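Please look over the sequence and the structure shown below before reading on. The briefing after them moves from the whole chain to a pair of helices and then to single residues.

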Amino acid sequence: MADVLTANLAPLMFLALIVFLLLGFPVAFALAANGLAFGLIGIELGLLTPALLQALPER
C-alpha cells in the first residue's frame, strides 16, 4: 500500500485539492491544508525530513 501511495503522491495531492475546493473551502485554506497534510504523509513515508516543516513562517 505504501508503494502505491508513494508512486502516486502527486496525482493524489491534486485530487485532494480538487475535493477541498469542491467542498467549498477557500483556495488559500485548501492549499495550506493540502500542503501540510501531504507534507506529514511524506514524512511518515520517509520521503521528506521533518526539518522541512521548520521552514514555515512563524507569524
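In this predicted model, 14% of the 59 residues of the chain count as buried. The chain exposes about 4,700 Å², and carbon and sulfur atoms supply 73% of that area.

**Overall layout**

- The chain has 3 helices and 0 strands, and when it is read along the sequence it follows the pattern α-α-α.
- Taken along the principal axes, the box filled by the C-alpha atoms of the chain is roughly 30 × 30 × 10 Å.
- If one takes the contacts between residues at least 6 apart in sequence, 32% of them join residues that are at least 24 apart.

**Annotated regions**

- An unreviewed UniProt entry places the feature "transmembrane region" at residues 12–31 and at residues 37–56.
- In the model, residues 12–31 are 80% helix and 0% strand, and the C-alpha atoms at the two ends of this span lie 14 Å apart.

**How H2 and H3 pack**

- Two packed helices are described by the angle between their axes together with the distance between those axes.
- For helix H2, residues 9–22, and helix H3, residues 27–45, the angle is about 145 degrees and the axes are 9 Å apart, while the crossing of H2 and H3 is right-handed.
- On the side of H2, the contact is made by Leu9, Leu12, Met13, Ala16, Leu17, Phe20 and Leu21, and on the side of H3 by Val27, Ala30, Leu31, Ala33, Asn34, Gly35, Phe38 and Ile41.
- Sorted by class, the contact of H2 with H3 contains 13 nonpolar residues, 2 polar residues and no charged residues.

**Two residues to compare**

- Alanine 30 is found in helix H3, and it counts as buried because its relative accessibility is 1%, which is under the 20% cut-off.
- Leaving aside neighbours within four places in sequence, alanine 30 is in contact with Leu17, Phe20, Leu21 and Phe25.
- Alanine 30 and isoleucine 18 are 12 residues apart along the chain, and their C-alpha atoms are separated by 8.8 Å.
- Valine 19 has its place in helix H2, and it counts as partly exposed because its relative accessible area of 47% falls between the cut-offs of 20% and 50%.
- Valine 19 and isoleucine 43 are 24 residues apart in sequence, and from C-alpha to C-alpha they are 22 Å apart in space.

How values were computed. Residues numbered from 1 in each chain as written. Predicted model: local features only at pLDDT ≥ 70, side-chain atom pairs only at ≥ 80, totals over all residues. Heavy atoms only, no water. UniProt positions renumbered as here; feature names shortened; annotations may be inferred. Helix = DSSP H or I, 4+ residues; strand = E, 2+ residues; numbered from the N terminus. Axes fitted to C-alpha atoms, helices over the stretch in contact; angles between N-to-C directions. Left-handed = near helix turned anticlockwise from the far one by under 90°. Contact = heavy atoms within 4.5 Å. Nonpolar A, V, L, I, M, F, W, Y, C, P; charged D, E, K, R; others polar. Buried < 20%, exposed > 50% of the residue type's maximum accessible area, 1.4 Å probe, protein only. Areas by Shrake-Rupley, 256 points an atom, 1.4 Å probe, with all protein chains shown as cover.
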